[in-house]
Amino acid sequence: MKQKKSVILIISQEKHTQAQLKSFFLKEGYHTDTTYHVKNAWLKPNRNHYGLIIIDHAETGLSNIQLCIAIRKRLKTPIMLITENGKEDQRLAGFEAGADDCMEKPFSYQEMIWRTKAILRRSTVQALKATSRTDYPTIQLSRLTINPSAHRIQVDGTEIHLSLKEFDLLYYLALHADIVHTRTHLLSVIWRQSEVNDYRTVDTHIKRLREKLMPLSPDIGAMIKTVRGVGYIFSKGKHSVMKVE
């Protein structure tokens, strides 16, 4: 049986961009939904069933980044942010806001389709992984507990909220503690992007992990160490004993 393709939501004020993207995805057999105003998207009956949300130009008064943040608070749906050419600060801000990928204008047909398929493929794999998390062992440190089956992390008894990618990254680093992992390797196992060397994705998520862990426990936050020129390592320290149950 042929698998039904995901519906892609396009949010853009530019009619040309909407038409261009709809044409791209139609050629690949994808259904699209378009809107000029994000509030219209919440009224659509299939809003919780989008496979991908593409944000181009938001409505007046709300930037792409702000819109991305607003959607991420309500939905876990993958988000692709379209930014202006050469605006690295926009790309970094996009990842900080919770975007799964960013593309610069002007974009090519082939790159847009490749990136879209990569995002949808990763989200499908993550959904399958999430259903089998009960098979993953719980990691217990003296002050840190990571329970993948419950998607729960506690630092000194206080629960901390992490996104799926942040959770998977911390869990993987802790499960393979005291081993240096290159950015390429982390892209491969966490983002399934062994062929894409966008190291800033890894750096941004590491930064967010530290920012969330440090206020609760500077010691735990400091366990995620940068190995200059190589990558990252989760160092348990001399006095931390880890149990994998």
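**Asp 101 and its partner**

I began with the side chain of Asp 101, which makes a polar contact with the side chain of Arg 115 at 2.8 Å; I note here that the model is a predicted one. Asp 101 belongs to strand S5, which runs over residues 101-104. I then asked myself whether Asp 101 is buried or exposed. Because its relative accessibility is 5% and the cut-off for buried is under 20%, I entered Asp 101 as buried. Setting aside the neighbours within four places in sequence, I found Asp 101 in contact with Ile 79, Met 80, Leu 81, Phe 95, Arg 115 and Ile 119.

**Arg 91**

Next I looked up Arg 91, which sits in helix H4, residues 88-96. With a relative accessible area of 10%, Arg 91 is buried as well. I wanted to know what the side chain of Arg 91 reaches, and I found the backbone oxygen of Cys 102 at 3.4 Å. When neighbours within four places in sequence are left aside, the contacts of Arg 91 are Thr 83, Cys 102, Glu 104, Asp 198 and Arg 200.

**Salt bridges**

I counted how many salt bridges the structure holds, and the total is 13. I followed three of them in turn.

Lys 105 forms a salt bridge with Glu 14, and their closest N and O atoms are 3.0 Å apart. This pair links distant parts of the chain, since Lys 105 is in the loop between S5 and helix H5 (109-131) while Glu 14 is in the loop between strand S1 (7-11) and helix H1 (15-27), 91 residues apart. Lys 105 counts as buried at 15% relative accessibility, whereas Glu 14, at 30%, counts as partly exposed. I also noted that Glu 14 and Lys 105 are linked with Asp 56 in a network of salt bridges.

Arg 72 forms a salt bridge with Asp 100, with the closest N and O atoms 3.1 Å apart. Arg 72 lies in helix H3 (residues 64-74) and Asp 100 in the loop between H4 and S5, so this pair ties together parts that are 28 residues apart in sequence. Arg 72 is partly exposed, with a relative accessible area of 23%, and Asp 100 is partly exposed with a value of 23%.

The side chains of Lys 212 and Glu 166 meet in a salt bridge at 2.7 Å, N to O. Because Lys 212 lies in helix H8 and Glu 166 in helix H6, I recorded that the pair ties together parts 46 residues apart in sequence. Here Lys 212 is partly exposed at 30% relative accessible area, while Glu 166 is buried at 2%.

**The largest nonpolar core**

Last, I turned to the largest nonpolar core, which has 29 residues. I asked which residues have the most contacts inside this core, and found Leu 144, Ile 146, Ile 153, Leu 169, Leu 170, Ile 224 and Phe 234. At least two residues of this core come from each of strand S7 (144-147), strand S8 (152-155), helix H6 (164-175), helix H7 (183-190), helix H8 (199-213) and strand S12 (231-234). The largest share, seven residues, is supplied by H6. In soluble globular proteins, nonpolar side chains tend to be buried together.

I closed with Ile 224 and, not counting residues up to four places away in sequence, wrote down that Ile 224 touches Leu 170, Leu 173, Ile 206, Leu 209, Arg 210, Leu 213, Ile 233 and Phe 234.

Conventions. Residues are numbered from 1 along each chain as its sequence is written. This is a predicted model: local features need pLDDT of at least 70, side-chain atom pairs count only at pLDDT 80 or more; totals for chains, interfaces and linings use all residues. Side-chain values use heavy atoms; hydrogens and water are left out. Helices (H or I, at least four residues) and strands (E, at least two) are DSSP runs, numbered from the N terminus. Buried means under 20% relative accessible area, exposed over 50%, partly exposed in between (1.4 Å probe, protein chains only). A polar contact is a pair of N or O atoms within 3.5 Å; within protein, one must be able to donate a hydrogen and the other to accept it, and residues adjacent in sequence count only if both atoms are side-chain atoms. Contact means heavy atoms within 4.5 Å. A nonpolar core is a set of buried Ala, Val, Leu, Ile, Met, Phe, Trp, Tyr and Cys residues joined through side-chain atoms within 4.5 Å. A salt bridge is a side-chain nitrogen of Lys or Arg within 4 Å of a carboxyl oxygen of Asp or Glu.
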